[in-house]
Amino acid sequence: DYDISKTYKTIYVSHGGGGNENEWMTIGALPNIMDNLIAEQQAAEAVVVTMDNTYFSWDYDQIAANLENNIIPFVEANYSVSTNASDRAFCGLSMGSMTTTTLMQSYTDLFGYYGGFSGANVNAEVTDLEALKNVTIYLPAGNVDMALKDANGDESIKTVGMAAKLDELGVSYGMDVKYGAHDWGVWRDAFTTFAKDYLWDVETDEPEVTPTPDTPEDKVDPTTSTSNPSQTTASSVKTGDDQNMMIYGLGLLAGITGLG
């Protein structure tokens, strides 16, 4: 139900090592996840974009340049989407999580939301600490995930290492240890939580309450009665998460491969 009269948010999603732009759309079940979240009004409608980062052999600077100079401008020129960074999110799994956390620290202003699913590039340079403090960050991994932590204490590419760095920098984030390993069960669940509990809520207007006419039986002393005025409300961005998530699905998909 893509509607050109609407202005959509965008979610950019990266595969992991050895993958490509098709994985999230197939084994990752992104269409199902987003379709169901939207149908249940658990997430805002969004254009979801995948890309092939293997094309750049995981050179994070080239990936960032491709996003900034090619993919994002292409999507924003061809789809009815917001051009504000606060309306863009980036997430990814494994090597895609390394990419996510590099973008988060070194190219912070490209996106307003970051989801690093299983692992992190802890040693990436933080170029704008104040900007980093103003984005939303979600760091999930499986409880038996090889990317969660290191038994020998080397956390330079681990989720707990990223959490420790953010703690030291005074940056807020959400961390989520799910049941599972370094696998699609964890990553599908992680995306569901990211979209449902960390990204934009659906803005809904409650219908006006129309009072029914008083009947003799209803009439009360007006000095003691209370009113129930109609209200228009909009839900706010969520910050919690839940390990017991259903798997849900997509509004609109765009697959972009190494543009430019």
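Where is the place of serine 118? You'll find serine 118 in the loop between strand S4 (113–117) and helix H4 (129–132). Keep in mind that this is a predicted model. The protein chain has 6 helices and 7 strands, and 47% of its 260 residues count as buried. Let's start with the whole chain and then zoom in.

**The whole chain**

- Starting at the N terminus, the elements follow the order β-α-β-α-β-α-β-α-β-α-β-α-β.
- If you take the contacts between residues at least 6 apart in sequence, 74% of them join residues at least 24 apart.

**Helix H2 meets helix H3**

- Two packed helices are described by the angle between their axes and the distance between the axes.
- Here, helix H2 (residues 60–78) packs with helix H3 (residues 95–106) at an angle of about 70°, and their axes are 10 Å apart.
- Angles of 65 to 115 degrees count as roughly perpendicular, so H2 is roughly perpendicular to H3.
- On the H2 side, the contact is made by Tyr60, Ile63, Ala64 and Leu67, while H3 brings in Met95, Met98, Thr99, Thr102 and Leu103.
- Sort the residues of this contact by class and you get 7 nonpolar, 2 polar and no charged residues.

**Helix H3 itself**

- With 1.5 Å a residue, the 12 residues of H3 should span 16 Å, and the C-alpha atoms at its ends are indeed 16 Å apart, which agrees.
- H3 is largely enclosed by the rest of the structure, because 11 of its 12 residues are buried.
- Among the buried ones are Gly96, Ser97, Thr100, Gln105 and Ser106, and so are Met98, Thr99, Thr102 and Leu103, which you met in the contact with H2.

**Threonine 101, a residue of H3**

- Is threonine 101 buried or exposed? Threonine 101 sits in helix H3 and counts as buried, since its relative accessibility is 0%.
- Setting aside neighbours within four places in sequence, threonine 101 is in contact with Gly119, Ala120, Asn121, Leu139 and Met162.
- Methionine 162 is 61 residues away from threonine 101 in sequence, yet their C-alpha atoms are 8.3 Å apart in space.
- A polar atom in the side chain of threonine 101 lies 3.2 Å from the backbone oxygen of methionine 98.

**Arginine 88 in strand S3**

- Which strand holds arginine 88? Look in strand S3 (residues 88–93).
- Arginine 88 has a relative accessible area of 7%, so it is buried.
- The side chains of arginine 88 and glutamate 76 are joined by a polar contact of 2.7 Å.
- Not counting residues up to four places away in sequence, arginine 88 also touches others, including Thr10, Tyr12, Ile72, Thr83, Asp109 and Trp200.
- Leu110, Phe111, Gly112 and Tyr113 are on that list of touched residues too.

**Two serines with a positive phi**

- Most residues other than glycine have a negative phi.
- Serine 94 is not a glycine, but its phi is positive, at about 55°.
- You can spot serine 94 in the loop between S3 and H3, where its relative accessible area of 18% makes it buried, as the cut-off is under 20%.
- Back to serine 118: its phi is near 75°, again a positive value in a residue other than glycine.
- Serine 118 counts as buried because its relative accessibility is 2%.

How values were computed. Residues are numbered from 1 along each chain as its sequence is written. This is a predicted model: local features need pLDDT of at least 70, side-chain atom pairs count only at pLDDT 80 or more; totals for chains, interfaces and linings use all residues. Side-chain values use heavy atoms; hydrogens and water are left out. Axes are lines fitted to C-alpha atoms, for helices over the stretch in contact, and angles run from 0 to 180 degrees between N-to-C directions. Helices (H or I, at least four residues) and strands (E, at least two) are DSSP runs, numbered from the N terminus. Angles under 35 degrees count as roughly parallel, over 145 as roughly antiparallel, 65 to 115 as roughly perpendicular and the rest as oblique. Contact means heavy atoms within 4.5 Å. Ala, Val, Leu, Ile, Met, Phe, Trp, Tyr, Cys and Pro count as nonpolar, Asp, Glu, Lys and Arg as charged, and the others, Gly among them, as polar. The expected span of a helix is 1.5 Å times one less than its number of residues. Buried means under 20% relative accessible area, exposed over 50%, partly exposed in between (1.4 Å probe, protein chains only). A polar contact is a pair of N or O atoms within 3.5 Å; within protein, one must be able to donate a hydrogen and the other to accept it, and residues adjacent in sequence count only if both atoms are side-chain atoms.
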